[in-house]
Structure formats: C-alpha cells, structure tokens
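Visitor: I would like to learn how to read the pockets, the packing and the backbone of a model such as this one. Could we go through it feature by feature?

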Amino acid sequence: MSKQDELAKLKDEVDKDMTLPLRDGATQLVFGEGSPDAEIYFLGEAPGYWEDQKGRPFVGQAGKLLDQLITELGMKRENVYISNVVRFRPPENRDPLPAELEAFAPYVDREIDIIAPNVIVTLGRYSMAKFFPDVKISQVHGKPRRIRWNNKEVTVIPMYHPAAALRSGEVLNQLREDFKVIKKVLIEDNEQEIESSEQSEEKKDKMEQMALV
C-alpha cells in the first residue's frame with residue numbers, strides 16, 4: 001500500500017470515528033494535506049472558519065502567511081505536508097481542550113508515521129506541547145531539537161502560529177527568522193546523509209579489499 005493509500009485510509013477512519021469530539025459543531029472534517037513524501041511536516045492547532053468551510057488546513061489569512069513563508073524557503077505548499085492536532089473546528093475558534101487533543105492524538109501519530117518526515121515544525125503552543133509539554137514557546141521557538149519518534153530520529157522545530165504573527169509585527173519578524181532555521185536543518189541533514197553514505201561505501205571497499213588478501 002502506498003503512502004497516499006495509507007493516508008486515504010486513515011482519513012476515512014477519522015471521518016467514521018463518531019467518538020471524536022467537536023464533530024457536532026463543525027461543518028466537516030479537516031484532514032492534513034500535501035506530499036506524502038514530504039521532508040517537512042507542519043503541525044498546527046485546529047481548523048478555523050475558512051478551514052471548516054473548505055475542509056482544508058491553513059487556507060485563511062494565517063494559511064496565506066504560511067504559504068508565503070514556505071515560498072520564501074524556496075518550496076511550494078504541495079512539497080510539504082500540513083496538518084493540525086485537532087481535525088474539527090472548536091466552537092468560536094476557542095483553544096482545544098486536553099481531552100480533545102488526547103482524542104485526536106492517535107490519528108496524528110499515525111499520520112506522522114506514514115509521512116515519516118525529517119523535520120516536524122510545530123505551529124503554536126498546543127502542537128509544540130505534543131513533543132515538549134513543559135516549556136514556553138517564547139523560550140524555545142526557532143530552536144531545533146533532535147528526538148526519537150517511533151525508532152526514527154526526527155528534528156522538531158517549535159514556532160509561533162502564523163495567526164499570532166498576524167497580530168504582532170514582532171512575532172512576525174521572529175517567525176520569519178525561525179523559518180530560516182528549517183533550511184539550515186535540511187542542509188545539515190542532507191550533508192549527514194551524504195557523509196554516512198560515503199562512510200558506508202568506504203567501509204564496503206575496505207571489506208572487499210580484505211577479502212581479496
């Protein structure tokens with residue numbers, strides 16, 4: 001089964017799970033979207049009005065800013081994957097409750113496992129708390145951390161939510177600077193992969209030489 005098929009199956013499961021909270025007050029499910037082979041996985045908080053109307057994540061004003069920041073990275077929206085920790089719009093755009101985050105968490109985990117990104121960018125404190133529950137976003141934003149996720153190493157970069165950046169010029173400037181970190185992390189990861197590949201080839205050559213002696 002391809003990643004695309006796995007994501008489609010997961011979306012269908014979420015859509016049919018009548019135990020999930022927030023469903024009754026929402027227009028529709030807002031599942032993640034983007035490339036199933038994305039290196040970067042953006043994880044926001046919850047759908048807003050326009051997301052609820054269109055059934056897509058980050059399509060309102062905050063989404064337009066996110067698209068712009070992705071473009072400034074030299075990438076396109078379709079090259080990355082964008083999702084949220086909660087998949088139905090909370091009433092009046094209120095913050096997600098702990099029980100709501102917990103209910104959606106297994107589906108978020110499975111989505112991450114399918115995508116298997118190299119970098120996870122958390123947008124806002126609720127998605128950040130999934131990985132770093134006891135820190136303040138003002139202290140850790142833009143600081144990449146390497147963690148183990150289901151036996152795979154992944155870099156998590158906490159960032160402010162684009163909606164917060166729309167309300168504050170200072171936060172917007174910080175968010176733009178933090179986005180530059182993504183490119184640095186990807187370059188470092190690629191360099192490490194090349195170095196690891198070269199070391200493997202060198203080791204293989206030595207083994208072959210020893211076998212000929």
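Guide: Let us begin with the largest pocket, whose lining is made up of 26 residues, with Glu45, Ala46, His161, Ala163 and Arg167 lying nearest its centre. Please keep in mind throughout that this is a predicted model.

Visitor: How much space lies in the largest pocket, and which helices each supply at least two residues of its lining?

Guide: A pocket can be read by its volume, by the elements that line it and by the chemical class of its residues. Here the space in the largest pocket comes to about 630 Å³, and helix H2 (49-54), helix H3 (61-72), helix H5 (125-131) and helix H7 (162-167) each contribute at least two lining residues. By class, the lining divides into 13 nonpolar residues, seven polar ones and six charged ones.

Visitor: Which residues line the second largest pocket, and which element gives the most to that lining?

Guide: The second largest pocket holds about 150 Å³ of space, and its lining consists of Gln4, Leu7, Ala8, Lys11, Phe31, Gly32, Glu33, Gly34, Gly55 and Tyr81. Helix H1 (3-16) and strand S1 (33-34) each supply at least two of these residues, with H1 giving the most, namely four. The division by class is four nonpolar, four polar and two charged.

Visitor: Stepping back from the pockets, how many helices and strands does the protein chain have, and what pattern do they follow along the sequence?

Guide: The element count gives the inventory, and the order along the sequence gives the layout. In the protein chain there are eight helices and six strands, and reading along the sequence gives α-β-β-α-α-β-α-β-α-α-β-β-α-α.

Visitor: What share of the residues is buried, and what share of the contacts joins residues at least 24 apart?

Guide: Of the 213 residues in the protein chain, 45% are buried. When one takes the contacts between residues at least 6 apart in sequence, 71% of them join residues at least 24 apart. The accessible surface of the chain is about 11800 Å², and carbon and sulfur atoms account for 49% of that area.

Visitor: Turning to single residues, is Arg77 buried or exposed, and with which side chain does its own side chain make a polar contact?

Guide: A residue's burial is read from its relative accessible area, and its surroundings from its contacts. Arg77 lies in the loop between H3 and strand S3 (81-84), and it counts as buried because its relative accessibility is 15%, whereas the cut-off for burial is under 20%. Its side chain makes a polar contact with the side chain of Asp67, at 2.9 Å. Leaving aside residues up to four places away in sequence, Arg77 touches Glu33, Arg56, Pro57, Phe58, Val59, Gly63, Asp67, Ile70 and Ile82; Glu33, one of these, also belongs to the lining of the second largest pocket.

Visitor: And where does Met128 lie, and which residues does Met128 touch?

Guide: Met128 is found in helix H5 and counts as buried, with a relative accessibility of 2%. Residues up to four places away in sequence being set aside, Met128 touches Thr122, Val135, Lys136, Ile137, Val140 and Pro158. Pro158 also illustrates how sequence separation and spatial distance can be read together, since Met128 and Pro158 are 30 residues apart in sequence and their C-alpha atoms are 5.8 Å apart.

Visitor: How far apart are Lys183 and Gly74, in sequence and in space?

Guide: Lys183, which lies in helix H8 (residues 169-212), is 109 residues from Gly74 in sequence, and the C-alpha to C-alpha distance is 9.1 Å. Lys183 is partly exposed, with a relative accessible area of 39%, and it touches Glu72 and Leu73 when residues up to four places away in sequence are not counted.

Visitor: Finally, what is phi of Asn150, and what is phi of Asn151?

Guide: Most residues other than glycine have a negative phi. Asn150 has a positive phi, near 50°, and Asn151 has a positive phi, near 65°. Asn150 lies in the loop between strand S5 (145-149) and strand S6 (152-159), and Asn151 likewise lies in the loop between S5 and S6. Asn150 counts as exposed at 53% relative accessibility, and Asn151 counts as exposed at 72%.

How values were computed. Residues are numbered from 1 along each chain as its sequence is written. This is a predicted model: local features need pLDDT of at least 70, side-chain atom pairs count only at pLDDT 80 or more; totals for chains, interfaces and linings use all residues. Side-chain values use heavy atoms; hydrogens and water are left out. Buried means under 20% relative accessible area, exposed over 50%, partly exposed in between (1.4 Å probe, protein chains only). Contact means heavy atoms within 4.5 Å. Accessible areas come from the Shrake-Rupley method with a 1.4 Å probe; for residues, only the protein chains shown count as cover. On a 1 Å grid over the protein atoms alone, a cavity is a set of points where a 1.4 Å probe fits but cannot get out, and a pocket is an open set with protein on both sides within 12 Å along at least five of seven lines; lining residues have an atom within 4 Å of a point. Grid points are joined across faces, edges and corners, and a volume is the space filled by probe spheres set on the points. Ala, Val, Leu, Ile, Met, Phe, Trp, Tyr, Cys and Pro count as nonpolar, Asp, Glu, Lys and Arg as charged, and the others, Gly among them, as polar. A polar contact is a pair of N or O atoms within 3.5 Å; within protein, one must be able to donate a hydrogen and the other to accept it, and residues adjacent in sequence count only if both atoms are side-chain atoms.
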